[in-house]
Amino acid sequence: MPGASDVNMEGSCQALCRTLVTQKGLQRETADISQSVLYTSLMGLLLVTDKEKEQLNLGNGRVGLRNVGNTCFLNAVVQCLSHTNGLRDYCLLKSYTHERYSKEEAKLMEAFSQVLSDLWDVNGEDTVVNPRQFYNIFTEAVPYFSGYSQQDAQEFLRFLLDRLHTEINRRPYVRRTEKEPEQKYAKFRISEEAAAMWKKHLERDDSKIVDLFSGQLRSSLHCSVCSHYSTTFDVFCDLSLPIPKRSAAGPVTLRECLELFSQEEKLDEENAPMCERCNRRTESTKRLSIQRFPQVIVIHLNRFTMSRWSISKSTVHVSFPLTNLDLGPYGPVDCGSVLYDLYAICNHSGTVNMGHYTACCLEEDGWCFYNDSSVTPVSENQLQTNQAYVLFYQRSNSTTAIRK
């Protein structure tokens, strides 16, 4: 039976909708406003806002995950996502039930949310959670990860976020029947072109996953023949950084990895795209930069390289800041400091064929080491190892809204 607050909310929503549609002449005043799209949309927003006001009673989160068959890759990633506060709270409050467009059951999101609920249960007595049901539902959707073979944690993270986004997308699914014509923004400034492309992206893909993890990369191409500049924009959910090679022993810094990622790259005619002005492939230079910074930036240290016959792993020690990682120098000119704080690390130990994944996550009173079902405290000076593989940073100085 609905409470007084629910009745008041519904009455207020109907009154607002009726005012809007009658003033605009969209609907007669006597019509059943509760059947309108405007009404259902506003009610969904009000319910989400009201839901987010609820106080979450959380446990300490120091709960392990059972390895259900070479699933350390899954356990490490889930622990990192479990400590992504915006995603955790969204799942525990089940806000997606009011936001998502699709009426089909969000099976994976429900299973993922249940795992997080068990990990953060304030009344929970278990020190280990079994993710078997979540794992089974995920492998039904992505059979590639089934079985007992070695899997890549960063690859799993990408597939998982993509599947969760699909289930909780706020936009209707639109089948792409043919390649869409590229839009030209020649008369726009770079920032206006980027904003237009981002808006176009949100028309198809808009979810909590996008709110938190999605950013925008800018690729600048310069033709060495006619000096023509062209710019393209791509959405990203993680940055995959190369690790510089060193002739002498010694650690590499994360800043050096970022510099290598964003440095100008020379492209020969065979590997270069078509020059718009020359109308042919020409020698060019390419540079990547971050146009739009996400709330959570996932940095993948590309330790695995493939050759024709094998895969090798780099064990170079990459040092990284725990606080105040400034990505401003890799963004638009004069964007100022863009600061991030580290809150989770996915580690990989061992070799390509005999490896193991663990996680380090920041709690209220310090860091903890998550090794499948085992959870132990860890000091900050133990975080910096050559096993660091995927770094999770939360933006700390954002003054703008998450969604635009």
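Which residue in S4 does serine 219 stand opposite? Serine 219 faces threonine 232. Keep in mind that this is a predicted model. Here are my notes from going through it.

1. **The S3/S4 pair.** Let's stay with these two strands for a moment. S3 and S4 are joined by 8 bridges and pair in the antiparallel sense. Besides the serine 219 and threonine 232 match, leucine 221 stands opposite serine 230 in S4. The two strands make a hairpin with 5 residues between them. Within that hairpin, have a look at serine 227, where phi is positive, near 65 degrees.

2. **The sheet around that pair.** S3 and S4 belong to an open sheet of 4 strands, ordered S4-S3-S10-S7, and the pairing is antiparallel. Strand S4 (229-236) sits at one edge and strand S7 (265-267) at the other, each pairing on one side only. Ignoring direction, neighbouring strands here are turned by 30 degrees against each other on average. As a general reminder, strands of a sheet pair through backbone hydrogen bonds.

3. **A helix across the sheet.** Helix H9 (residues 190-202) lies across S3, S4 and strand S10 (284-292). Against S4, helix H9 runs at about 35 degrees.

4. **The cavity.** If you run a search over the whole structure, you get 1 cavity of 30 Å³ or more. The largest cavity holds about 50 Å³ of space. Its lining consists of Leu221, His222, Cys223, His228, Ser230, Met274, Cys275, Glu276 and Ser284. Strand S3 (215-223) and strand S8 (274-275) are the elements that give two or more residues to this lining, and S3 gives the most, with 3 residues. By class, the lining comes out as 4 nonpolar, 4 polar and 1 charged. There is a link back to point 1: Leu221 and Ser230 both line the cavity, and leucine 221 stands opposite serine 230 in the strand pairing.

5. **H3 against H6.** Now for the helix packing. Helix H3 (residues 72-82) and helix H6 (residues 107-119) have axes that come within 11 Å and cross at roughly 75 degrees. That crossing angle makes H3 roughly perpendicular to H6. On the H3 side, the contact uses Val78, Gln79, Leu81 and Ser82; on the H6 side, it uses Phe112, Val115, Leu116 and Leu119. The class count for this contact is 6 nonpolar, 2 polar and no charged residues.

6. **H7 against H8.** Helix H7 (residues 132-141) and helix H8 (residues 153-168) pack at an angle of about 85 degrees, and their axes are 11 Å apart. H7 and H8 are therefore roughly perpendicular to each other. Phe134, Phe138 and Ala141 come from H7, meeting Phe156, Phe159, Leu160 and Arg163 of H8. This contact divides into 6 nonpolar, no polar and 1 charged residues.

7. **One more hairpin.** Further along the chain, strand S18 (residues 366-371) and strand S19 (residues 374-378) run antiparallel and are joined by 5 bridges. One pairing to click on is phenylalanine 369 with threonine 376 in S19. The hairpin has 2 residues between its strands, and aspartate 372 in the turn takes a positive phi of about 55 degrees.

Notes. Residues numbered from 1 in each chain as written. Predicted model: local features only at pLDDT ≥ 70, side-chain atom pairs only at ≥ 80, totals over all residues. Heavy atoms only, no water. Axes fitted to C-alpha atoms, helices over the stretch in contact; angles between N-to-C directions. Parallel < 35°, antiparallel > 145°, perpendicular 65-115°, else oblique. Contact = heavy atoms within 4.5 Å. Nonpolar A, V, L, I, M, F, W, Y, C, P; charged D, E, K, R; others polar. Pairing = 2+ DSSP bridges. 1 Å grid on protein atoms, 1.4 Å probe; cavity = no way out; pocket = protein on both sides within 12 Å on 5 of 7 lines; lining within 4 Å. Points joined across faces, edges and corners; volume = space filled by probe spheres on them.
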